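Here are my notes on this one, mostly about the ligand site. Have a look at the model first, then see whether you read it the way I do.

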Amino acid sequence: MNNSLTPSRRALKGKNIIIGICGGIAAYKTPQLVRLLKKKGADVRVALTESGSRFVSELSLATVSQAQVYRSIFPPAENPGTDFTTHITLGEWADALVIAPATANTLARLAAGFCDDMLATCFITLRPGKPVLIFPAMDGQMYLSPSVQRNLATLKALGAIIIEPESGELASGQCGTGRMPEPEAIAAHIESALLSMDCPSVLRGRSIVITAGPTREKIDDVRFISNYSSGKMGFAIAGAAAERGANVTLIAGPVNLDTPHGVERINVESAAQMREAAGNFFRSCDIFIGAAAVADYRPAAVIPGKLKKNDPEIQFTLVKNPDILSDFGLQKQTGQLAVGFALEQDNGPANARKKLEEKNLDLVALNFSDRKTSGFEVDTNMLTLIERGGITTELPLLSKEEAARKLLDTIENICRQT
Ligand code: CTP
């Protein structure tokens, strides 16, 4: 078996993708996107709008896609008797329609149901259930305008996946939100969307809230108490859950990790901030997963400014932080699931079961940290999954991504039974 291809890298193999290109400066990145998708094994066709053709040439796109580029829904004037049905068959052919860059004008046309060129027609003729990914890219003020936001909301309600543009320098030279993501990031979004179509999961459409990473508890304005957590396990769970179609919110302490595709991220620093952010989802989420290494204690008072080293010895009083997972577990309603981790050095199974009982969890993942193979900072982890009913599954040492998938498999089983 070839393990060098991760599931997401296989997602595009043999898939038919239409790239709809509109008239924005970001269109210059699209030949590179087409090449990348082809390299990943996809069959790509391009639907280019009239304005799009001013930014990127039809010839370039035809060359990299190795196929005809579609613009009008009518056959070419020089060959009128050729094909009258492409405007229907192209949409039917596709496994996904990707509109990148999507301009304000095209968003309006799609939201209103226009069929005046091949791109807009494909949006309507795409088979039900096939993903439409829209990458708006435009000037920051235009993006935020009420009409653009209204059209995006309409398209989202129609089932399109809207990927927020990135912030940074825009064509105007000003900074703002409106940049199209790079081709690699677009490809990853397409892979995630295809994966969640390919393997319908019971997690699809469920709202999952995950805490991840360490917290920092301030001593003074320049120092804090924290731990070695890298956030990798929580981020891996978030990415895997999004790949299964869940609506994932990741509440992350200070970590140096990219947000997994399709995941909403809320950055926090302290346990109190993490508790506050998490509390906003306690009533609405379907599944709460506590993967953060929340600092159990914080200094009773933060020293203003920078503490000087005048004294030979100093003492701090530490007070207990809220237990976020326990707060959720003890107030969860029927149908909500609470999943936690138990980081134990001794008496692992007994301590993990105690946490499961005391925090009213449905599942606890027992692990330990030697910071070499398992636990904090490293890329692998060895989990023992203990379910409320007592079923215990000892997993081998796995990559955190693979361990995350096994954890989600177990959560899926629990969901199916409840
Ligand atoms: N947790 C939490 N809030 C805290 C402490 C822990 O949400 N203030 C969550 C963690 O995210 C994890 C679980 O509770 O899912 C267990 O964390 P762990 O550090 O193993 O144990 P603690 O409950 O902190 O207990 P102890 O440190 O005494 O083992």
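1. Helix 13 (324-331) and strand 17 (337-343) each put at least two residues into the shell around the ligand. Strand 17 gives the most, with 4 residues. Helices (H or I, at least four residues) and strands (E, at least two) are DSSP runs, numbered from the N terminus.

2. Some bookkeeping: this is a predicted model, where local features need pLDDT of at least 70, side-chain atom pairs count only at pLDDT 80 or more, and totals for chains, interfaces and linings use all residues. Residues are numbered from 1 along each chain as its sequence is written, and side-chain values use heavy atoms, with hydrogens and water left out.

3. Which residues come nearest to the ligand? Of the 15 around it (a heavy atom within 4 Å), they are G290, A292, F341, K355 and K359.

4. The backbone does some of the polar work (N or O pairs within 3.5 Å). A polar backbone atom of G290 is 2.6 Å from a ligand oxygen. For L325, a backbone N or O atom lies 2.9 Å from an oxygen atom of the ligand, and for F341 a backbone N or O atom also lies 2.9 Å from a ligand oxygen. The ligand taken alone exposes 560 Å², and the protein buries 76% of that (Shrake-Rupley, 1.4 Å probe).

5. Away from the ligand topic, V209 lies in strand 9 (residues 207-212). V209 is buried, with a relative accessible area of 1% (buried means under 20%, with a 1.4 Å probe and protein chains only). Leaving aside neighbours within four places in sequence, V209 is in contact (heavy atoms within 4.5 Å) with residues including T249, F281 and I289.

Technical notes: Buried < 20%, exposed > 50% of the residue type's maximum accessible area, 1.4 Å probe, protein only. Polar contact = N/O pair within 3.5 Å; in protein donor to acceptor, adjacent residues only side chain to side chain.
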